[in-house]
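This report looks at how helices pack against one another and at the space enclosed inside the protein. Please keep the structure in view while reading.

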Amino acid sequence: RRLLRALHLVGLDFLDPVVLAALADERPLLLIGPHGTAKSELLNRLAACLGLSHRHYNASLISFDDLLGYPVPEPATDAVRYLRTPGDLWDAESVFLDEISRCRPETQNKLFSVVHEKRVQGMALPHLRYRWAAMNPPLTPDSDPDEAYEGSLPLDPALADRFAYVVELPTLLDLPPKDRLALIRDGGTPPAEPPDLAGLVGQVRERLAAAAEADRAWAARYVAELVGPLAEARLAISGRRAVLLAGMVVAVQAAVRTLGRAEGLADCALIALRSGLPQRAQGRAIEAAKLAAIHRHAVQSVGEPDDGPWRRINALADPVARVAEALRWAWNGVNRLELSNLVSEAYSGLTVPQRYLFARHVLPRAAALECLNVPAYELLAEPLAKLVDLCAVGEHSVTLPRTRMPEWSALSKRVTELARGGSADPQLANILLTLFAVERQPVDTDALVALDARWQALFADVADAQPVAA
C-alpha cells in the first residue's frame, strides 16, 4: 500500500510508515524542508482525508486571539470569557503550526503547551488530537549563504524535543526522475478518491494494542544501547526522547505491517531513529552513515549477555579502543565484516598523523588474525605504503620555510632518540619523518609519541595468533 502516493504526493514513499505511525499514536510531527517541498500540502491533505476539524496557522503571524477568541472581562464573576471565532482552537481536532521556526521566542513558549500538553494558557483543549508543524531549514553558521533562510531560526531545544517525529522532506532534485515527472504532471492535484486513511489508522492501532511484549522489550533495550553512541556523536537524547523512540519503534512496526511492507523489527528501529532525532530542528546535520553505524552497533548489542563481545565493544566511547576490543573477539563473536566496519569507522575519524599510528598497530595484528576484508586492509596499507616508499629512497630533500625550522629541530632530535636510544623504535622514527617530509603535516612529536605509547598499551594484549575457526 502506498499511502502518500494515494494522496498524489509522490517521491515520499519512505515516509509512509512514519506518517501512518504518527497518525496512529497521535504524537507531535514536525516536517522540515525548503519551500515547495509539499510540507503544508501533506499535512492539510491528511487532515482532509481524515475529516478532521482542522486549523492551519502561520506561527510567525499568530496571536492568542486567533487561538482562543477575544477576551471579554466579566466584572460580576471577576473572570474572563472568550468570544468564539470560526478559527479558534476550542473544537479543533488537529492543528498545523506552519513556519514555527519564524515566530518570536515568546510565541514559541506559548505554543509549547499546545504541542506538548494540548493546552493553551493552562486551559485544556479536549478535542485536540494531532499537533503538527512545519519549518524551513534553520539558519546556522554552516548554512550555504545562497540557500539560507534568513528568518528561519533553530527551534528551542526543549520545544524541538516535544516533537516525536522530526522528518526532513526531499527537494525536487532529490527525487528519482520518474517521481519528479509524476510530481510535475499531477502532484498538485488532490486525489479524486482518497484512500481509507481512517481504516489504515485503525488497523495500526489494533496492531499496536496487540504488540508482543518481546518486541516492546527489544525496542527498550535497543534505545538503551543508543544512548552512549548518540551522545558521543553529539546527538544526545533526553529521557523523554528515549521513551518516545522506544514507542516509535513499535508504532513504525505496526504501520509497516499494515502497509504490507517487508521490513523487520530492526529495520523499523532504523526508520524510527532516522525520524526521531530533535537535533534536525536545530539545524544539526546528521550523517546517514554515522547514524546507520550507531544503529547497527545497537542491534548487535541487544539480546547479548552483559559480558558479550558487542556489549563490551559498544560500551567504549573511543573508536580506536573499540577496534582493540573487537580484535580480541575476532572469529569468536565478531566476524570479518563487522570488524572491518569498526576499523573503517575509526580510521575515518582520525587525523593524518593518527592514521599512521593506527595502521601501525592494527595492520600487523589484523593480518596475523586474517580478520579483515580487502577494503579494510587497503585502507590501513595506504599510509604505511608511503612509509615504505620513503624508506626505499636513500636520500630525501625537503625545502622548508624559516618558520618551520623550530619544528624540524624538535623532530630531528626526537627521531635521533628513537633511532639510537635505549628504547629504539625506528618504525616510529620513520613515521615521523614521513609525516613531515611526504605528508607535509605539522608534527607535534611529543603528542604523537605519547599517543603511540597509549595505543601500544591498548593493543598490547591482542594476540598475534592464527585465526580461530569460525
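Are α9 and α12 parallel or oblique to each other? In this predicted model, helix α9, residues 213-232, packs with helix α12, residues 288-301, at an angle of about 130°, with their axes 9 Å apart. Angles over 145 degrees count as roughly antiparallel and those from 65 to 115 as roughly perpendicular, while the rest, beyond those under 35, are oblique; α9 and α12 are therefore oblique to each other. The crossing of these two helices, α9 and α12, is right-handed. On the α9 side the contact is made by W218, Y222, E225, L226, P229 and L230, and on the α12 side by L291, I294, H295, A298, V299 and S301. By character, the residues of the contact of α9 with α12 divide into nine nonpolar, two polar and one charged.

A second helix pair is formed by α15 and helix α16, the latter covering residues 352-369, and here the packing angle is about 155° with the axes 10 Å apart. With an angle over 145 degrees counting as roughly antiparallel, α15 and α16 are therefore roughly antiparallel to each other. The crossing in which α15 passes α16 is right-handed. From α15 the contact draws on V343, A346, Y347 and S348, whereas α16 supplies R355, F358 and V362. The residues of the contact of α15 with α16 divide into five nonpolar, one polar and one charged.

The two pairs are set out below.

| Helix pair | Angle between axes | Distance between axes |
|---|---|---|
| α9 and α12 | about 130° | 9 Å |
| α15 and α16 | about 155° | 10 Å |

The enclosed space comes next. How many cavities of 30 Å³ or more does the structure hold? The structure holds one cavity of 30 Å³ or more, and about 30 Å³ of space lies in the largest cavity. The lining of this largest cavity consists of H297, P319, R322, L342, E345 and A346. The elements that give two or more residues to that lining are α14, residues 319-328, and α15, residues 336-348. Which of the elements gives the most to the lining of the largest cavity? That element is α15, with three residues. In chemical terms, the residues of the lining divide into three nonpolar, one polar and two charged. A346 lines the largest cavity and also takes part in the contact of α15 with α16.

Technical notes:
Residues numbered from 1 in each chain as written. Predicted model: local features only at pLDDT ≥ 70, side-chain atom pairs only at ≥ 80, totals over all residues. Heavy atoms only, no water. 1 Å grid on protein atoms, 1.4 Å probe; cavity = no way out; pocket = protein on both sides within 12 Å on 5 of 7 lines; lining within 4 Å. Points joined across faces, edges and corners; volume = space filled by probe spheres on them. Helix = DSSP H or I, 4+ residues; strand = E, 2+ residues; numbered from the N terminus. Nonpolar A, V, L, I, M, F, W, Y, C, P; charged D, E, K, R; others polar. Axes fitted to C-alpha atoms, helices over the stretch in contact; angles between N-to-C directions. Left-handed = near helix turned anticlockwise from the far one by under 90°. Contact = heavy atoms within 4.5 Å.
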